[in-house]
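Me: I'd like to understand the labels people attach to residues in a model like this one. Could we go through some of them together?

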Amino acid sequence: MIKFFRKIRQNLLMENKTSKYFKYAIGEIILVVIGILIALQINNWNENRKSLINEKATLTKFLQDLEADSTFFQFNNNRLKDINELHTDLYKIGLKDAKNITLKEPNYIRRQLIYNPIARENNPDIASKLNDKTIRENVQNYYRQMNDTEGSNVEFDAIVLKIRDFLRKKKIHKLSAWFESKMNLGENSETAPNVVLSESLEVLSKDEDFQQLLFESSIKSNELRVSLNILIKDNVALMETIRTYIND
């Protein structure tokens, strides 16, 4: 092809058709430039395609972590519901002298939550790897809410530790329930040892110092649940956005 164009130029020069030569040379240059631009465009398209494939692969893995966290968050939300119910029952017994209330999970007075989102642990810098502006901003907002929820959980943990210390000082823990059991730390309340008896907790609910701790714990557990519910909604919305983007 190059020899063909060269031969045309030589013929034009030999025939003293200088003006046509220059016109032809300019046309040839334009064709070369167009060819380069097309090649660059194809290369850019190919690079963008590779980038999109990698981005969707990253988001697919991230989506799996979000789905796992969704189950984890809902479990904690249900646990907080039970804890708040225990707080309310203890308030009714201790300050309202309510009768015929059965404490379902007395152990929950000393229960902390395990908060360690898999998505954040496995993908701490995922926002920097995303090209889509909408998803990147959604992920950043989601991570901020995770941090807010973690802060609420830290505050709740601090109160629970105070309650545990109070229970120790009051000698409320039933040691035999732990040491004579299988020492099961699982989440199944049917197999976990009851180290705090309902009867002991009911008596303790009338203690003014305990009532103040109960008040603080109730506030922090409710704040945590509000923050967690926001996170659950954000989790659902983010998963839906990512699924739509992956399948688009």
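Me: Where does D97 lie, and what makes it partly exposed?

Reply: In this predicted model, D97 lies in the loop between α2 and α3. Its relative accessible area is 43%. Buried needs a value under 20% and exposed one over 50%, so at 43% D97 is called partly exposed.

Me: What is the phi of D97?

Reply: Phi of D97 is near 55 degrees, which is a positive value in a residue other than glycine. Most residues other than glycine have a negative phi. N100 is also worth a look: it has a positive phi of about 60 degrees and is not a glycine either.

Me: Why is N100 called exposed?

Reply: N100 lies in the loop between α2 and α3, and its relative accessible area is 82%. The cut-off for exposed is over 50%, so N100 earns that word.

Me: Let's move along the chain. Where is N123, and is it buried or exposed?

Reply: N123 sits in the loop between α3 and α4. With a relative accessible area of 13%, and buried meaning under 20%, N123 counts as buried. Leaving aside neighbours within four places in sequence, N123 is in contact with F62, D65 and Y143.

Me: And D132, what makes that one partly exposed?

Reply: D132 is in the loop between α3 (118-122) and α4 (133-169). Its relative accessible area is 22%, and because buried means under 20%, D132 falls in the partly exposed class.

Me: How do you know that the side chain of D132 makes a polar contact with the backbone nitrogen of I135?

Reply: The side chain of D132 reaches that nitrogen at 3.0 Å. The limit for a polar contact is 3.5 Å, so the pair qualifies.

Me: Which residues beyond its sequence neighbours does D132 contact?

Reply: Leaving aside neighbours within four places in sequence, D132 is in contact with E55 and Y245. D132 and E55 are 77 residues apart in sequence, and their C-alpha atoms are 8.9 Å apart in space.

Me: What makes K56 count as a charge over the ring of Y245?

Reply: The charged end of K56 is 5.9 Å from the centre of that ring, and the distance limit is 6 Å. K56 also pairs up in another comparison: R243 and K56 are 187 residues apart in sequence but 9.6 Å apart in space, C-alpha to C-alpha.

Me: What about R243, why is it called partly exposed?

Reply: R243 lies in helix α7. Its relative accessibility is 30%, and partly exposed covers what is neither under 20% nor over 50%, so the label fits R243. Not counting residues up to four places away in sequence, R243 touches L63 and E67.

Me: Now the rings. How many aromatic pairs are there, and what makes F72 and F73 a tilted one?

Reply: The count comes to five aromatic pairs. The centres of F72 and F73 are 5.7 Å apart and their planes are 55 degrees apart. Pairing needs centres within 6.5 Å, and tilted is the name when the angle is neither under 30 degrees nor over 60, so F72 and F73 form a tilted pair. Y142 and Y143 are another tilted pair, at 6.4 Å centre to centre and 55 degrees between the planes.

Me: Which of these rings are buried, and which are partly exposed?

Reply: F72 has a relative accessible area of 21%, so it is partly exposed. F73 has 0%, so it is buried. Y142 and Y143 are both buried. Ring pairs link F62, Y142 and Y143 into a cluster.

Me: Which residues touch the most other members of the largest nonpolar core?

Reply: Of its 47 residues, those are F62, I109, V139 and L201. At least two residues of this core come from each of α2 (18-96), α4, α6 (198-204) and α7 (208-247). Leaving aside neighbours within four places in sequence, the contacts of L201 include L86, L90, I109 and F210.

Me: How many helices and strands does the protein have, and how much of it is buried?

Reply: The protein has seven helices and zero strands. Of its 248 residues, 35% count as buried.

Methods. Residues are numbered from 1 along each chain as its sequence is written. This is a predicted model: local features need pLDDT of at least 70, side-chain atom pairs count only at pLDDT 80 or more; totals for chains, interfaces and linings use all residues. Side-chain values use heavy atoms; hydrogens and water are left out. Helices (H or I, at least four residues) and strands (E, at least two) are DSSP runs, numbered from the N terminus. Buried means under 20% relative accessible area, exposed over 50%, partly exposed in between (1.4 Å probe, protein chains only). Contact means heavy atoms within 4.5 Å. A polar contact is a pair of N or O atoms within 3.5 Å; within protein, one must be able to donate a hydrogen and the other to accept it, and residues adjacent in sequence count only if both atoms are side-chain atoms. A nonpolar core is a set of buried Ala, Val, Leu, Ile, Met, Phe, Trp, Tyr and Cys residues joined through side-chain atoms within 4.5 Å. Rings of Phe, Tyr and Trp (its six-membered ring) pair if their centres lie within 6.5 Å; planes under 30 degrees apart count as stacked, over 60 as edge-to-face and the rest as tilted. A charge sits over a ring if NZ of Lys or CZ of Arg is within 6 Å of the ring centre and within 35 degrees of the ring normal.
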